[in-house]
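The following exercises ask the reader to work through a structure step by step. Each task is followed by a worked solution.

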Amino acid sequence: AEKHAGVSCVTASMDDIQFEEAARVGQIIAIRTKVNRAFKTSMEVGIKVTVQDVLTNAEKIVSVAYATYVAKPVGAEKVELKPVQLLSTEDHLEHSLAIERRRIRLGYVQAFQKLMQESNKEGDFYTCEEKDALSTEHTHVQSTELVLPPHANHHGNTFGGQIMAWMQTVASISASRLCHSHPILKSVNMFKFWGPSFVGDRLVFNAIVNNTFHN
């Protein structure tokens with residue numbers, strides 16, 4: 001993102017992430033990224049993660065994700081990004097799809113905000129008592145993390161990936177309290193970073209199992 005913008009950039013959001021394959025100790029992970037499309041002050045960056053077995057050389061896709069980066073203003077002026085140069089058929093395809101993903105992304109945020117507003121209203125909630133049901137409070141986990149220099153990027157902001165890793169750890173502990181085994185992360189809904197955190201900050205993470213499904 002910064003290579004394209006020519007200025008410092010920050011992570012604004014990360015789209016839904018699906019994990020298709022597990023990466024294990026001793027395997028080689030390759031991460032490839034490119035800017036798919038630049039908008040006025042933000043851009044979509046495609047991220048493809050693959051894993052390769054060192055013995056068989058078999059390569060499998062772990063995940064394909066899309067992140068939105070915003071160019072940091074220089075002084076009081078916003079940075080207007082230059083268009084992406086399209087060199088291949090794949091570049092043209094991703095460039096076209098990026099505008100559709102952006103439309104879905106903006107709609108997702110609005111729908112989520114509306115859902116949160118509805119859930120905060122007082123009212124009666126339907127409850128279904130199932131046999132051997134476990135209280136959600138039993139799955140509640142809270143963790144406090146101190147942001148240290150290794151957790152921050154060259155701007156002094158906490159890595160978005162580090163925050164996601166801390167969240168995943170707390171969520172895994174919460175899930176394990178329900179299933180009494182080692183849960184595997186399958187997918188993550190859209191991440192949106194509302195503001196930065198810095199070295200020296202203490203971040204508090206809370207996780208709880210909201211519901212269970214059969215698939």
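**Exercise 1. Determine how strand E1 pairs with strand E5 (residues 59–71), and name residues that stand opposite each other.**

Solution. Begin with the terms: strands (E, at least two residues) and helices (H or I, at least four) are DSSP runs numbered from the N terminus, and two strands pair if DSSP finds at least two bridges between them. E1 and E5 are antiparallel and share five bridges. Next, look for individual partners. Val-10 stands opposite Val-70 in E5, and Cys-9 has Ala-71 in E5 as its bridge partner.

The model is a predicted one, in which local features need pLDDT of at least 70 and side-chain atom pairs count only at pLDDT 80 or more, while totals for chains, interfaces and linings use all residues. Residues are numbered from 1 along each chain as its sequence is written, and side-chain values use heavy atoms, with hydrogens and water left out.

**Exercise 2. Extend the pairing to the whole sheet: which strands stand at the edges?**

Solution. First, establish the order. The open sheet consists of five strands in the order E3-E4-E5-E1-E8, with antiparallel pairing. Strand E3 (28–38) and strand E8 (191–192) each have a single partner strand, so one side of each lacks a neighbour in the sheet, and these two strands are the edges.

Second, examine the pairings inside this order. Strand E4 (residues 42–52) is joined to E5 by 11 bridges in the antiparallel sense; there Gly-46 stands opposite Tyr-66 in E5. The hairpin of E4 and E5 has six residues between the strands, and Asn-57 takes a positive phi near 65° in this hairpin. E1 and E8 also run antiparallel, joined by two bridges, and Ser-13 stands opposite Lys-192 in E8.

Third, place the sheet in the whole protein. The protein has three helices and nine strands, which follow the pattern α-β-β-β-β-β-α-β-α-β-β-β along the sequence.

**Exercise 3. Describe the interface of domain 1 and domain 2: how many residues does each give to the contact?**

Solution. Start from the division: domain 1 covers 1–105 and domain 2 covers 135–214, with bounds from an automatic or database domain assignment. Their C-alpha centres lie 22 Å apart. The contact (heavy atoms within 4.5 Å) takes 14 residues from domain 1 and 13 residues from domain 2.

Continue with the area. The two domains bury about 1200 Å² between them, 52% of it on carbon and sulfur atoms; buried area is the accessible area (1.4 Å probe) that two parts lose on being put together, summed over both. Met-14, Ile-17 and Phe-19 supply 37% of the area that domain 1 buries against domain 2, more than any other three residues.

Then identify the elements involved. On the side of domain 1 that touches domain 2, strand E1 (9–14) and strand E2 (17–18) are the elements that give two or more residues. The largest share, six residues, comes from E1.

Finally, consider a residue from beyond domain 1. Lys-186 is found in the loop between helix H3 (160–179) and strand E7 (187–188). Leaving aside neighbours within four places in sequence, Lys-186 is in contact with Ile-17, Gln-18 and Phe-19. Lys-186 and Ala-22 are 164 residues apart in sequence, yet 9.5 Å apart in space, C-alpha to C-alpha.

**Exercise 4. Count the salt bridges between domain 1 and domain 2, then those of the whole structure.**

Solution. Apply the rule: a salt bridge is a side-chain nitrogen of Lys or Arg within 4 Å of a carboxyl oxygen of Asp or Glu. Between domain 1 and domain 2 the count is zero. A search of the whole structure finds seven. One of them joins Arg-105 and Asp-15, whose closest N and O atoms are 2.7 Å apart. Arg-105 lies in helix H2 (residues 89–119) and Asp-15 in the loop between E1 and E2, so the pair ties together parts that are 90 residues apart in sequence.
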